Amino acid sequence: MAGLVRAKPACVLGLASGETPLPTYEELIRLHREEGLSFAMVSTFNLDEYVGLDQSDPRSYAAFMHDRFFRHIDIDTSSTHVPDGSAEDLDLACAEYESAIIAVGGIDLQILGIGADGHIGFNEPISSLASRTRVKVLTEQTRQENARYFASPDDVPRLSLTMGIGTILEARALVLLATGEHKADAVARAIEGPLSAMVPASAIQLHRRAIVIVDEPAASRLALSDYYREVTAAKAGLGAIE
Ligand code: PGA
């Protein structure tokens with residue numbers, strides 16, 4: 001990401017909220033503070049947002065992004081976008097989100113987490129692989145997983161706005177991050193399982209430039225991990241991974 005921002009200062013980053021990308025944001029903040037990495041011309045689009053939470057609500061993803069990343073760097077906040085889950089007309093907000101992505105020339109690099117149920121963004125199982133930004137009903141599993149951010153599990157919104165899988169696949173590059181044993185099954189199904197709407201993250205198999213970065217626990221159920229190590233070593237020997 002830092003390399004992209006240096007090479008293309010007005011790049012468009014697709015960002016994710018949640019636990020997984022926090023170390024990434026922390027490192028980018030460090031590079032900003034210590035090495036002058038500037039985000040002044042960068043635009044960002046986040047994957048998703050809860051319906052019914054205002055952007056100023058501390059439990060919203062807009063507030064999360066501001067608190068954990070944007071306020072620590074020199075980004076112009078008017079260039080940061082999160083779907084508006086408090087919009088009166090949600091369908092219109094979704095259509096405008098798609099238009100805003102097109103207006104800046106598309107997303108250069110999209111960061112993705114993965115849910116234990118295989119979701120990317122809030123594209124839950126059986127999301128259309130061609131879907132666009134829209135309203136999605138959250139699964140019970142996702143609501144339970146995210147309950148830690150709310151006073152009670154019942155407070156977790158039932159609806160979300162999320163970029164569609166079709167929207168995500170149009171980013172010029174994808175980076176999927178996963179850490180921890182609880183993600184191992186979803187990671188294996190996404191990477192090695194059949195392409196299926198039951199595992200929305202498996203859609204990254206369709207992308208020409210998708211990089212998956214996992215720690216050992218998240219990689220523990222991959223059948224071909226020895227081969228992936230060999231590929232990584234071979235590519236390192238060839239220079240930059242393209
Ligand atoms: P997490 O969420 O990074 O908090 O695990 C990822 C996701 O649900 O997409």
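This passage describes salt bridges, polar contacts, a surface patch and the burial of selected residues in a predicted model.

Salt bridges are considered at the outset. Side chains of opposite charge can pair when their charged atoms come close. A search of the whole structure finds 15 salt bridges. One of them is formed by Asp108 and Lys8, whose closest N and O atoms are 2.8 Å apart. This pair links distant parts of the chain, with the two positions 100 residues apart in sequence numbering. Asp108 is in the loop between helix 4 and strand 5, while Lys8 is in the loop between helix 1 (2–7) and strand 1 (12–15). Asp108 has a relative accessible area of 8% and is therefore classed as buried, the limit for that class being under 20%. Lys8, at 34% relative accessibility, counts as partly exposed.

A salt bridge within a helix is found between Arg143 and Glu140, with an N to O distance of 3.3 Å. Both residues lie in helix 5, which covers residues 140–145. They are 3 residues apart, about one turn of the helix. Arg143 is buried, with a relative accessible area of 4%, whereas Glu140 is partly exposed, with a value of 44%.

Helix 5 also holds Thr142. The relative accessibility of Thr142 is 1%, so this residue counts as buried. The side chain of Thr142 is joined to that of Thr139 by a polar contact of 3.0 Å.

In helix 9 (residues 225–238), Arg229 and Asp226 are likewise 3 residues apart, about one turn of the helix. These two residues form a salt bridge in which the closest N and O atoms are 3.6 Å apart. Arg229 counts as partly exposed at 43% relative accessibility. Asp226 has a relative accessibility of 59% and so counts as exposed, the class that begins over 50%. Elsewhere, salt bridges that share partners join Arg6, Glu27, Arg30, Glu34 and Glu35 into one network.

Charged residues also form a surface feature. Glu88, Asp89, Asp91 and Glu96 gather on the surface in a patch of negative charge. Of these residues, Glu96 is placed in helix 4, which spans residues 90–103. The relative accessible area of Glu96 is 48%, so Glu96 is classed as partly exposed.

Helix 4 also contains Cys94. In contrast to the partly exposed Glu96, Cys94 is buried, at 2% relative accessibility. Cys94 and Gly164 are 70 residues apart in sequence, and their C-alpha atoms are 9.9 Å apart in space.

The loop between strand 5 (109–112) and strand 6 (134–137) contains Ser127. Ser127 has a relative accessible area of 1% and is therefore buried. Its side chain takes part in two polar contacts described here: one with the side chain of Arg134, at 3.3 Å, and another with the side chain of Lys136, at 3.4 Å.

Ile126 lies in the loop between strand 5 and strand 6. Ile126 counts as exposed, with a relative accessibility of 63%, while Ser127 in that loop is buried. The phi angle of Ile126 is near 70°, a positive value in a residue other than glycine.

A further buried position is found in strand 8, which consists of residues 174–178 and includes Ala178. The relative accessible area of Ala178 is 0%, so Ala178 is classed as buried. Ala178 and Ile213 are 35 residues apart along the chain, and a distance of 6.5 Å separates their C-alpha atoms.

Note on methods: Residues numbered from 1 in each chain as written. Predicted model: local features only at pLDDT ≥ 70, side-chain atom pairs only at ≥ 80, totals over all residues. Heavy atoms only, no water. Patch = residues over 30% accessible without salt bridge, like charges linked within 9 Å, V, L, I, M, F, W, Y side chains within 5 Å. Areas by Shrake-Rupley, 256 points an atom, 1.4 Å probe, with all protein chains shown as cover. Salt bridge = Lys/Arg side-chain N within 4 Å of Asp/Glu carboxyl O. Lys, Arg positive; Asp, Glu negative; His and termini not counted. Charge placed at Lys NZ, Arg CZ, Asp CG, Glu CD. Helix = DSSP H or I, 4+ residues; strand = E, 2+ residues; numbered from the N terminus. Buried < 20%, exposed > 50% of the residue type's maximum accessible area, 1.4 Å probe, protein only. Polar contact = N/O pair within 3.5 Å; in protein donor to acceptor, adjacent residues only side chain to side chain.
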